[in-house]
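Please open the structure in a viewer and keep the selection panel at hand. The stops below say what to select and what is there.

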Number of protein chains: 2
Amino acid sequence: MPNQSQSATNQALDRVFHALSDPTRRAIMSRLGQGPASVSELAKPFAMAMPSLLQHLQVLEESRLIRTAKVGRVRTCEMQPVALDAAGHWIAEQRALWEGRLDRMEAYAKSLHKQEKKRDTKRFGKR
Amino acid sequence: MPNQSQSATNQALDRVFHALSDPTRRAIMSRLGQGPASVSELAKPFAMAMPSLLQHLQVLEESRLIRTAKVGRVRTCEMQPVALDAAGHWIAEQRALWEGRLDRMEAYAKSLHKQEKKRDTKRFGKR
DNA sequence: CTGATAGTTAGTCGCATGCCTAACCAAAGC
DNA sequence: GCTTTGGTTAGGCATGCGACTAACTATCAG
């Protein structure tokens, strides 16, 4: 099967990884990891015009890495870890493939499918 | 601290995430997860001119996601999971931050540093 | 040596990205 | 109601990316 027109999940990964490939956007994610924040609050640490930062936020939102909502004149941004998980999952999958441990991966995939909310310490085996 | 001129690790993450943001490159990584392959072997599944694919390989190599070596007229490519781990580590860090579980993260980071080869089932908590 | 095979280099092209300024709403604050 | 304050829209500009063709190099097979 040569390169067909891209499954939906693949496009999602495209967007997520692309979003994470920018240091500003990763910094924003780091900040949001500590809790929600307004746009101007997020903008403060950066020597960057507002519209530029806004664009970064758009990229993050379109990739579903964050969710935003406007209340009054303030837009509040919040991290949405699902997309992050998708990326992490893909990475873990490659690692597992590489280590020839498809058995465990399948079990993991199954557990993912069940949408179970149990969350455990994740651990990427190092090198 | 505002956006200083980019630490080396950050630039590495830029490159890795950017490399992974392309479906062709991810497909290549998936293929290499199953074992090393030559350039033309990698090219086969894609309806793409060689130079284009070559460029993808260059991106992957510069991001250190793969390593390549030429023997005779054949260049063989191999996955190099360290960069993948770096990306996975960053993601896990954000998750952990979000979940307010820095304690465990520190333990994980320390274990990473020790370069230990013990590998365990990784598990991203879903949702 | 000749030709096929495997990869490389150079140069082009169109579109996306990331940044900016300037102008513009729209809720608060007073 | 007038002015901040917080965000948004529009438009412009340089650079980078992903793809292509064409032409070239280098090894291996016979």
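The tour goes from the confidence of the model to the strands and then to the DNA.

**Before selecting anything**

This is a predicted model, in which local features need pLDDT of at least 70 and side-chain atom pairs count only at pLDDT 80 or more, while totals for chains, interfaces and linings use all residues. Residues are numbered from 1 along each chain as its sequence is written, chains are lettered from A and ligands numbered from 1 in the order in which they are written, and side-chain values use heavy atoms, with hydrogens and water left out.

**Stop 1: colour chain A by confidence**

Colour chain A by pLDDT, the predictor's confidence in each residue, from 0 to 100. The average for chain A is 83, and 75% of the residues score at least 70. Helices and strands here are DSSP runs numbered from the N terminus (helices H or I, at least four residues; strands E, at least two). Among the elements of chain A, helix 4 (residues 50-62) has the highest mean pLDDT, 98, and helix 6 (residues 102-113) has the lowest, 58. Now select residues 115-127 of chain A, where the pLDDT is below 50. Beyond near neighbours in sequence, this stretch has 53 contacts in the model, a contact being heavy atoms within 4.5 Å. Where pLDDT is low, the predicted coordinates should not be read in detail.

**Stop 2: the strands of chain A**

Select strand 1 (residues 37-38) and strand 3 of chain A, which run antiparallel and are joined by 2 bridges. Two strands pair if DSSP finds at least two bridges between them. S38(A) in this pairing has T76(A) of strand 3 as its bridge partner.

Next add strand 2 (residues 66-71) of chain A, which is joined to strand 3 of chain A by 6 bridges, again antiparallel. Across this pairing, R67(A) stands opposite E78(A), and T68(A) has C77(A) as its bridge partner. Strands 2 and 3 of chain A form a hairpin with 2 residues between them. In the turn, G72(A) has a positive phi of about 60 degrees.

**Stop 3: the sheet of chain B**

Move to chain B and select its open sheet of 3 strands, which has the order 1-3-2 and antiparallel pairing. Which strands are at the edges? They are strand 1 (37-38) and strand 2 (66-71) of chain B, each pairing on one side only. Strand 1 of chain B meets strand 3 (residues 74-79) of chain B over 2 bridges, and A37(B) stands opposite C77(B) there.

Add helix 4 (residues 50-62) of chain B, which lies across strands 2 and 3 of chain B. This helix runs at about 120 degrees to strand 2 of chain B; axes are lines fitted to C-alpha atoms, for helices over the stretch in contact, and angles run from 0 to 180 degrees between N-to-C directions.

**Stop 4: DNA strand D**

Select DNA strand D and the 21 residues around it, of which S40(A), R73(A), R75(A), S52(B) and H56(B) come nearest. A residue is near a strand if one of its heavy atoms lies within 4 Å of it. Sugar and phosphate account for 73% of the atoms of DNA strand D that come within 4 Å of the protein.

Three polar contacts (pairs of N or O atoms within 3.5 Å) can be picked out:

- S52(B) has a polar side-chain atom 2.6 Å from a phosphate oxygen of DNA strand D.
- V39(A) has a backbone N or O atom 3.4 Å from a phosphate oxygen of DNA strand D.
- R73(B) has a side-chain N or O atom 2.9 Å from a base oxygen of DNA strand D.

Helix 4 of chain B gives the most to this surface, with 4 residues.

**Stop 5: DNA strand C**

Finish with DNA strand C, which has 21 residues around it, the nearest being S52(A), H56(A), S40(B), R73(B) and R75(B). Of the atoms of DNA strand C within 4 Å of the protein, 68% belong to sugar or phosphate and the rest to bases. For the bases, show the side chain of R73(A), with an N or O atom 3.1 Å from a base nitrogen of DNA strand C, and that of R73(B), with an N or O atom 2.4 Å from a base oxygen. For the backbone, show S40(B), whose side chain has an N or O atom 2.5 Å from a phosphate oxygen of DNA strand C. Helix 4 of chain A gives the most to the surface near this strand, with 4 residues.

How values were computed. Polar contact = N/O pair within 3.5 Å; in protein donor to acceptor, adjacent residues only side chain to side chain.
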